[in-house]
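Let's walk through this fold together, beginning with how two of its helices lie and then moving to the sheet beneath the discussion.

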Amino acid sequence: MISLHTFTGPLASLSEEHVRNMEMHIAERSGIHGHPVTITREDEQCSPSGGLVAAQKIAADPKVVAIHGPNCSSAAVPASRILSEAGMVMVSGTATAPSLTSVGGERGANAQPGFFRTVANDQFQGVAAAAFANGFLGRTRAAVVHDHSSYARGLVEAFSEAFRAKGGEVVYSGVVGRGDQNMYPLVQAMASHTPELLFMPIFMPEAEHLVWAVRSTPELEEMLLLSADSTLNRPFLEICGSACQGMFFIAPDPPDGPTYEAFLARYSQMFGAGPEGSFHAHSYDAAAILLHALERASFPEPDGSLRIERQHVRDVLSGLREFPGVTGSLSCDSHGDCGVPRFRLVRHESSMDFEQILRNPLAIHAP
């Protein structure tokens, strides 16, 4: 199996967590029909070019049958096209852009056969973010910022549409580029429109530069900051420091209960510490349904080898219904969405560590 994630840059530690989730699930099994499961890494660099190069390398290897990942939606767009054409299967626990599966119930522009995910479509997350911003936080004037990525752009579009439908106004829309550090011109332009809330589902390191610029602009001292799972992780909170205190985040809402608690206990026992990102349970579930499909679609041969039918792997995943996952009961629709669309609103308080932030929801959105 291939772990296709971001192994360089600020997201590298979170991708190590995805590998750990695979290792954890593999350790709980006895292989596939007695054959061991090995993990090979490929770096998609959280970029279209990285996803393209990594996918081309994977597609050229006849021994690969399945991919856990990718991490980023921007990498998933070219990777899913290449790997789908090669007959392979991808299951992501993090790539959330609507275009990868469906938009408004219709096939997304970048949807490909063989791409599945255990995390919810960002169309749902955008609606949840708008509900939190307008209904819970009481804001009617919002600014939005994305970073050109498929993930952030799709989430901002879904938020803006839902926010306007609730009677709110998007008074400013900005874009940052990868590698941008000077956010002051953008922030000054934003301030002239007097927004009450900024929705900024962007990645590190641009996210912390934007937060610091906002915090040092007196005209915006009353503006609330709302980000998403792109920054709700231990590395971002540690780097951003005191500037991020008081920030709100929307995150996947794992169900409380013995299954999730047992997962966290096993993770800490195996790796000596708890998870760092907000997609840990979804990543584990991605590994779980992928290995489930591989087992169902593989057949021992008389010579001791194992035959795995690629189309059969897709068929098993397409027909997945009520699979008992850590994040809930998983069923895959015709577009590849298998995740449970539940979200929570959390706030970074100075006295809380990462686990405490995740465990103290202010509001829940569960359509």
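**Two helices and a sheet**

Helix 2 and helix 3 are roughly parallel to each other (angles under 35 degrees count as such), helices being DSSP runs of H or I with at least four residues, and strands runs of E with at least two, numbered from the N terminus. Their axes cross at roughly 25 degrees and come within 7 Å; axes are lines fitted to C-alpha atoms, for helices over the stretch in contact, and angles run from 0 to 180 degrees between N-to-C directions.

A word on the source: this is a predicted model, where local features need pLDDT of at least 70 and side-chain atom pairs count only at pLDDT 80 or more, while totals for chains, interfaces and linings use all residues. Residues are numbered from 1 along each chain as its sequence is written, and side-chain values use heavy atoms, without hydrogens and water.

Where the helices meet (contact means heavy atoms within 4.5 Å), helix 2 contributes residues including Leu52, Ala55 and Ile58, and helix 3 residues including Ala75, Pro78 and Ile82.

Now turn to the sheet. It is open, with five strands in the order 2-1-3-4-7 and parallel pairing, where a pair needs at least two DSSP bridges. Strand 2 (40-43) and strand 7 (115-117) form the edges, each pairing on one side only. On average, neighbouring strands are turned by 25 degrees against each other, direction ignored. Strand 1 (residues 2-5) pairs with strand 2 over four bridges, and isoleucine 2 stands opposite threonine 40. Helix 2 (residues 48-59) packs on this sheet, touching strand 1, strand 2 and strand 3 (66-68).

Notes
Angles under 35 degrees count as roughly parallel, over 145 as roughly antiparallel, 65 to 115 as roughly perpendicular and the rest as oblique.
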